[in-house]
Amino acid sequence: MKRGGLTREGWIRLAVVVAFVLAFELLCRLGVLPRTVVLPPSEMATSLWHLLETGEFTADIVSTLQDVAIASALSIALGFALGIAIHALPRLRATLEPLLASYYAIPTFMFYPVFIVVFGVSDRAIIAIAVLLSIVAMIASTLTGLDRIPRVLRKTAAIYRMGLARRALLIDLPAAAPHLFTGIKLAFAYAFIGVIASEFILSGQGIGYQIAYAYNNFENRKMYGLMLLVIIVATVANAVLDTIDRRLQSRLRR
Amino acid sequence: MTAASDGAASGVEIAPRDVHAQLRGVTRVFPLASGAGLHALGPIDLDLYHGEFFAVVGPSGCGKSTLLDVLAGLSPPTDGTATFEDKPIDGVPDGVGVVFQEDASFPWLTVRDNVAFGLRRAGVDEAEIKKRVDYAIGFMGLRDFERAYPAQLSGGMRQRVCIARTLVLQPRLILLDEPFGALDQQTRLLMGDELLRLWRETGATVLLITHALDEAAMLSDRVGVMSARPGRFIDIVETHWPRDRDSRIVSDPGFGAVTARLWEKLRVESLKLMGTRP
Amino acid sequence: MINIRTRLLRYAAPLLIACAAFQTPAHTEEIAVTQWGQSLYGAPFAVGMEKGLFKKAGIDITGIIGSAGGGTTVRNILANTTPYGEVALPAALAAVRQGLDLVIVNVGTRTVAESTLVTMPNSDVKTIADVVDKKVAITSPKSSSEMIFLMELKAKGIDAGKVTRVAAGGYPPALTMLEQGAVSAAALIEPLSIIRKDRYRTVAAAKDILPPMTTSVGITTRDFARSNGDKLRAIIAGRRAAVEAIYANPDETAAILHKMWNFDPAISKEAVHNMIAPKMWSLGDFNRAELDRTAEGLKLIGELKEDVDWNKVVDQSFLPKDLQGKL
Amino acid sequence: MRRLVDFILLLVGIVAAWQILHWIAGDIALTSPLDTVEHLGKLLGTERFWLNVAETARAFVAAALISLIGGVALGVVLGLSRTSAIVSEPILIALYSLPKVTLYPLVLLCFGLGISAKIAFGAMHGLIPVTIFTMKAILQIKPVYWRTAETMRLTPGQMAWHVALPAVIPEVLAGARLGFSLTLLGVLIGEMFASQRGLGFMITSAMGLGDIATIMAVALFLSVFAVSANALLLLLDRTAAR
């Protein structure tokens, strides 16, 4: 385990990213990439700073982040419960598995009108879409996690004469934890994608909507500022979850 | 000589001893998808005496682990009876500890918490837990790694953790399923020494399953040789080693004779196994 | 080992470059029309193509690229080999404001008559004045549905601050909100309002409240205007002939829309006939008052801050002589 | 046989749930299974529908090919060196978890509104999973395989074909399955946001008209396609794994 400072690969990675951004900046400044198409990263950053400072989109940002938080929490909890249930029913699972595998090809957004009627026109329809998109990742990770519990640990539990509930809590859960966390990470990523994409295509609020709106109205500065915001939020959240994930893996996986 | 099932055991004389665990006519048949059954084990008769070190060797797939599962109460015999301390084995009996071949340490607990796990489950009070855990950790040479997680340890160290975890519960019968299978030869020898020390100090009955003849010969009072599947005992070899022994016994003139006899019996069975393979 | 990897790498590299180079050309020979196949804006192009009026005018339009959003259409026009298309005026103005090099060459449509404000049949909202202190569903902030609603309020002298506008994300969700009682009234547009006319009661129709205003225009790049004036003239002339054909024979138009857009015949007929009286389709000529009304609307929703200098963004020289006039 | 029975039972369950939801939500929100199938049948009989299918299919096939070939090539290149793999993995994963729809305006600005934008957007979705899976697979090839191949004096070509490829095929196929799904999703989202043809456009324009029957029919069509295509890939996966 490394503490403080970067590994050699970490430095190279940083250098690659910085070089990419600088090259991008240079290409824009030299006019190779026309300004009507894309702005130099530095201008995106100043635009984002300006947007945050004026608070023009604060309500949208809050609404998006809130929806993402609710959607991830819901899909993690529901996905975990469903994963356990499906794992307990091998026949159901065998039948369901090919469906789960092709699930992501179906654009969940199609069901927006259905959700609108079921949940009313509010964030809840967007949250429902995001949950629909992310829950499968959690279910799949729960199944993998439960599958990967070493048989010997179950045997050990039997040696200690544990009941089903105790075993689930003291053995199964911690043993499956690394996979479950991977599921949490994925569920968050998909919830984020789901919320932003729903806003982008369907709704009248949120960061996604504002990006689409800015695109339609040729407000490239706003559009790229908001894009940068999404990229930063997604990358930072992913990096944090990934670090925790790696820690867990290195400690718990054998 | 009561353990030999087909009269192949040699006429070693044994004073009548106190039976600790007993198998009578035990067989194990696994149901197959086709509807037929896979006859994995038996029939087996076995008397394990109080305080003895008994090893089981046999060709791979002969049902050694199944035998252990029956004794541990992890799987009931299809036929026959199994008793421990005169009570029929129904579920995991109290007083039995098991160490598996696979690493069974809990990766989410520190070494210390791993060792204390069983005691906490049993509701032993903390002062007693501390005492026993300290002892076991010291005994297994884990003092420097108390706070470490299994992922930070070598395979040998992790197996020590599992042994310590079994040890603290002060089992009267310790079942070991090829516990050193994944370790290198030097480590195995040294772990064997520790196992002997543990056996002497606790006075527990030990049943060790192994595929290594030298390990069986070096550690045990008696070695049971099993046939190819369905496994049964074709020979039981007494070693007559002193109770106070260690791995240096391998240089004893009698050691070669014991391993030679084990191999003689096992070779035939192993050849059968290879011959039956496609 | 490193050796092998290097060698393998050399094998893989050309493949990668080949992939990176894989691109299909983005240009088509078609022109772009906003909301093609979805609203009646593009009817003249359908009729013109079907009846061969463009060919007669000297240009062969092979197909139409449609799109949902105004801005998308503008961008698409700019990327096209034949950079001419019909877009919503607000989108064209937004593009000009952001410095895109384009010019407006003709007027497309000049009414918002297809817009209505509806409520549930049993609602106590009887007139537009009844929406004060209530919630009204629009599609999204700064959308044309909001602009028209605000213009209606202004025309009726109602303080917009007293009405809560709720963004639904689209017309069907707005209707859902209405049905669920989340709002008291909802903005609606044809043909959806024709399809569902039995379910709702019309509180206000824009055609009764709002005078004509420019809603869509033909645009092109200044480059193309300089180099391909003849093509532009032909397109505009062909379109004019088509508009005349629509007014001359609405039933035939409805039949063409049914054939080309898969519109339901009955709905197609009703929709076309509804737009005959308000004269939705312009022959192409500019009307200062109608342009300014749209600009006023844009100011209401905060899209426009100051007046538009129409002479800077409009070029009348491609219109038929009889349609050119003073701005 | 039992599997077939199970599958039919599951289908019955889904249809039943759908029917019940239809009764609860009503015709405006959710057409019944029967009506949907009927409407799909009607759509299948129109030329317009198949034009849209062809449009989506063209973009999808091109995007899927780019994802697969590009992803495998990129994965091989990155996976051949441990350093490049470690350097690039977090970057790839970050890109994977990015809401790519955010970048769609950029894609439109670069590629215009034609089919190439859809292809690019579909490939953006599918390329990364294929790359990640391939890279990891290459990295995890046991070094002893390379050494064995070297002692047998194989040429790099033989090595790639006879050693590396068979060793990574299961992972690549797993990546391809995910890539396949996401590519289709990407193309459809692209069509939903800005396009004038294709199934995604059909969905948005039906949404604009509140035409739930068409939405559900297209959804059914896509689901059946995605599930059967995936089952096919799964089968390929199983045969390859042997």
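**The interface of chain C and chain A**

Biologist: How many salt bridges turn up across the interface of chain C and chain A?
Modeller: The rule finds 0 salt bridges across that interface. Please note that this is a predicted model.

Biologist: And how many residue pairs are in polar contact there?
Modeller: The rule finds 1 residue pair in polar contact between chain C and chain A, with both residues at pLDDT 80 or more.

Biologist: Which helices of chain C supply at least two residues each to the side that touches chain A?
Modeller: They are α4 (70-79), α5 (89-97) and α7 (171-179) of chain C.

Biologist: Which of them gives the most?
Modeller: That is α4(C), which contributes 5 residues to the side of chain C touching chain A.

Biologist: What does that side look like by class?
Modeller: On chain C, the side that touches chain A holds 10 nonpolar, 9 polar and 3 charged residues.

Biologist: How many residues are in contact, and what area is buried?
Modeller: Contact is made by 22 residues of chain C with 16 residues of chain A. The area buried between the two chains is about 1600 Å², and carbon and sulfur atoms give 53% of that area.

Biologist: Which three residues of chain C supply more of its buried area than any other three?
Modeller: R75(C), Q98(C) and Q180(C) do, supplying 32% of the area that chain C buries against chain A.

Biologist: Turning to the other chains, which pair has the most contacts?
Modeller: Chains A and D have the most among the 4 pairs of chains that touch.

Biologist: How far apart are chain B and chain C at their nearest C-alpha atoms?
Modeller: Those atoms are 29 Å apart, and the two chains do not touch. Chain B and chain D also have no contact joining them, and their closest C-alpha atoms lie 14 Å apart.

Note on methods:
Residues are numbered from 1 along each chain as its sequence is written. Chains are lettered from A and ligands numbered from 1 in the order in which they are written. This is a predicted model: local features need pLDDT of at least 70, side-chain atom pairs count only at pLDDT 80 or more; totals for chains, interfaces and linings use all residues. Side-chain values use heavy atoms; hydrogens and water are left out. Contact means heavy atoms within 4.5 Å. Buried area is the accessible area (1.4 Å probe) that two parts lose on being put together, summed over both. A salt bridge is a side-chain nitrogen of Lys or Arg within 4 Å of a carboxyl oxygen of Asp or Glu. A polar contact is a pair of N or O atoms within 3.5 Å; within protein, one must be able to donate a hydrogen and the other to accept it, and residues adjacent in sequence count only if both atoms are side-chain atoms. Helices (H or I, at least four residues) and strands (E, at least two) are DSSP runs, numbered from the N terminus. Ala, Val, Leu, Ile, Met, Phe, Trp, Tyr, Cys and Pro count as nonpolar, Asp, Glu, Lys and Arg as charged, and the others, Gly among them, as polar.
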